[in-house]
Amino acid sequence: MIYNKIRRKTREINVGGVKIGGESKIAIQSMTNTDTKDADATLEQIKRLSSAGCDIVRITVPDEEAAETVRMIKESGVRTPIVADIHFDYRAALKSAEYGVDKIRINPGNIGDESRVKAVVDACKAKNIPIRIGVNSGSVEKHILAKYGSPTPEALCESALYHAAILEKYNFYDTAISIKSSDVSTMIAANRLVAERCDYPIHIGVTEAGDERRGSIKSAIGIGSLLCDGIGDTLRVSLTADPVNEVRAAKDLLNALNVEGQCGMNIVSCPTCGRTKIDLISLSGRFEEAIVAEGLEDLPITVALMGCIVNGPGEAHEADIGIAGGKGEALLFAHGETIGKVAENEIIPTLIKNIKKIKEEKFI
Ligand code: SF4
């Protein structure tokens with residue numbers, strides 16, 4: 001994929017064992033939506049996110065009391081790196097660092113005077129904890145807004161670099177930058193600017209992107225455009241949905257661009273037309289359910305579900321296994337070659353059987 005060839009050169013940071021930037025794989029992030037003070041619920045959600053393929057989980061830490069949950073999570077033995085999201089209360093950042101959090105996300109502009117920023121930087125430096133500077137359209141400083149008139153891409157970029165410079169003043173470079181906006185074009189343009197002007201790794205995402213359908217589309221455009229430019233070292237697909245669905249969407253997005261090789265099953269299915277001979281729409285839904293139930297969705301192979309034999313095997317010749325619908329039956333094919341026929345009600349069990357065989361031959 002293009003991304004792997006034109007990837008922007010960046011510094012590398014280490015977030016609790018997961019590297020971001022440099023030549024590391026793009027890390028998928030999500031954020032819990034539990035009350036952080038409810039440690040059990042938060043831990044449970046972190047485990048669900050981790051099982052779904054989330055590399056790094058961010059939790060909001062509004063005050064020192066919530067930081068106690070950081071301690072509990074770290075003591076629980078959960079290995080997924082945890083990012084403490086800090087706004088306003090720098091003491092919550094200090095406590096989180098003390099309890100061994102793996103990264104701190106701050107906006108240096110909203111935690112008070114510079115002595116507080118320095119205190120957070122010193123605490124992070126002492127424990128090798130990276131800091132993510134998070135900037136969005138609502139957080140741009142007054143002096144920068146006055147210069148640009150509104151949170152333009154230039155203003156967002158300047159705000160991020162302004163904060164990076166504050167950390168640099170204290171000799172801190174273990175930094176990641178994120179510039180988010182709910183406006184997709186602004187987010188793309190701002191990240192392109194900051195990518196040109198520094199070598200810090202960048203966390204990308206469209207913020208407040210909306211529900212699953214709209215949010216996935218906005219994220220695919222915003223995140224996808226930047227990845228096609230070689231920009232982006234870690235990402236979050238923000239959705240008004242169960243955070244686990246953010247992880248699934250992120251995996252689908254990376255998979256669609258074939259970044260770092262596939263990170264899950266690639267399903268090629270035709271849109272159906274007047275030639276369609278089987279109920280492909282229902283079949284496709286049932287197939288998705290079957291691969292999740294069988295734990296096969298992360299297998300990096302291509303499976304084709306095609307509606308007819310006229311174009312099916314030819315159009316999906318790169319598929320490791322696939323079917324092309326006929327009347328009451330389907331052709332089974334692999335890499336464009338027909339390997340058998342199967343009755344319509346046997347399509348899914350036959351595909352699953354063959355996928356398991358491929359798994360054994362190629363991946364075990
Ligand atoms: Fe139509 Fe066949 Fe193409 Fe599917 S594969 S869209 S059924 S021509």
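**Strand β4 and its surroundings**

Tutor: In this predicted model, 4 of the 5 residues of strand β4 (residues 56-60) are buried, so the strand is largely enclosed by the rest of the structure.

Student: Okay, what joins β3 to β4, and which way do they run?

Tutor: 3 bridges join strand β3 (residues 27-31) to β4, and the two run parallel. Within that pairing, Gln29 stands opposite Ile56 in β4.

Student: How does the chain cross from β3 to β4? Right-handed or left-handed?

Tutor: The path goes through helix α2 (residues 39-52), and this β-α-β crossover is right-handed.

Student: And β5, how many bridges pair it with β4?

Tutor: 4 bridges, again in the parallel sense, with β5 covering residues 82-85. Ile59 stands opposite Ala84 in β5. To get from β4 to β5, the chain passes through helix α3 (residues 64-76) in a right-handed β-α-β crossover.

Student: Switching to the core. How many residues are in the largest nonpolar one?

Tutor: It has 75 residues. Those with the most contacts inside it are Val61, Ile86, Ile104, Leu227 and Leu235. Another core lies apart from it, with 23 residues, including Leu283 and Ile355.

Student: Where do nonpolar side chains tend to go in general?

Tutor: In soluble globular proteins they tend to be buried together.

Student: What about the whole chain? How many helices and strands?

Tutor: 13 helices and 15 strands. Of the 364 residues, 52% count as buried.

Student: What radius of gyration does the chain have, and what would a compact globule have?

Tutor: The protein chain has 23 Å; a compact globule with 364 residues would have a value near 21 Å, so the two agree. The C-alpha trace spans about 75 × 45 × 30 Å along its principal axes.

Student: Pick one residue. Val117, buried or exposed?

Tutor: Val117 is buried, at a relative accessible area of 2%. Its place is in helix α5 (residues 114-126).

Student: And what separation is there between the C-alpha atoms of Val117 and Ala290?

Tutor: 51 Å, for two residues 173 apart along the chain.

Student: Last topic, the ligand. Which residues are around it?

Tutor: Cys270, Pro271, Thr272, Cys273, Arg275, Thr276, Gly307, Cys308 and Asn311.

Student: How does that shell split by class?

Tutor: There are 4 nonpolar, 4 polar and 1 charged residues. The charged one is Arg275. Cys270, Pro271, Cys273 and Cys308 count as nonpolar.

Note on methods:
Residues are numbered from 1 along each chain as its sequence is written. This is a predicted model: local features need pLDDT of at least 70, side-chain atom pairs count only at pLDDT 80 or more; totals for chains, interfaces and linings use all residues. Side-chain values use heavy atoms; hydrogens and water are left out. A residue is near a molecule or strand if one of its heavy atoms lies within 4 Å of it. Buried means under 20% relative accessible area, exposed over 50%, partly exposed in between (1.4 Å probe, protein chains only). Two strands pair if DSSP finds at least two bridges between them. A crossover is right-handed if, with the strands pointing away from the viewer, the path from the first strand over the helix to the second runs clockwise. A nonpolar core is a set of buried Ala, Val, Leu, Ile, Met, Phe, Trp, Tyr and Cys residues joined through side-chain atoms within 4.5 Å. The radius of gyration is taken over C-alpha atoms; the globule rule is 2.2 Å times the number of residues to the power 0.38.
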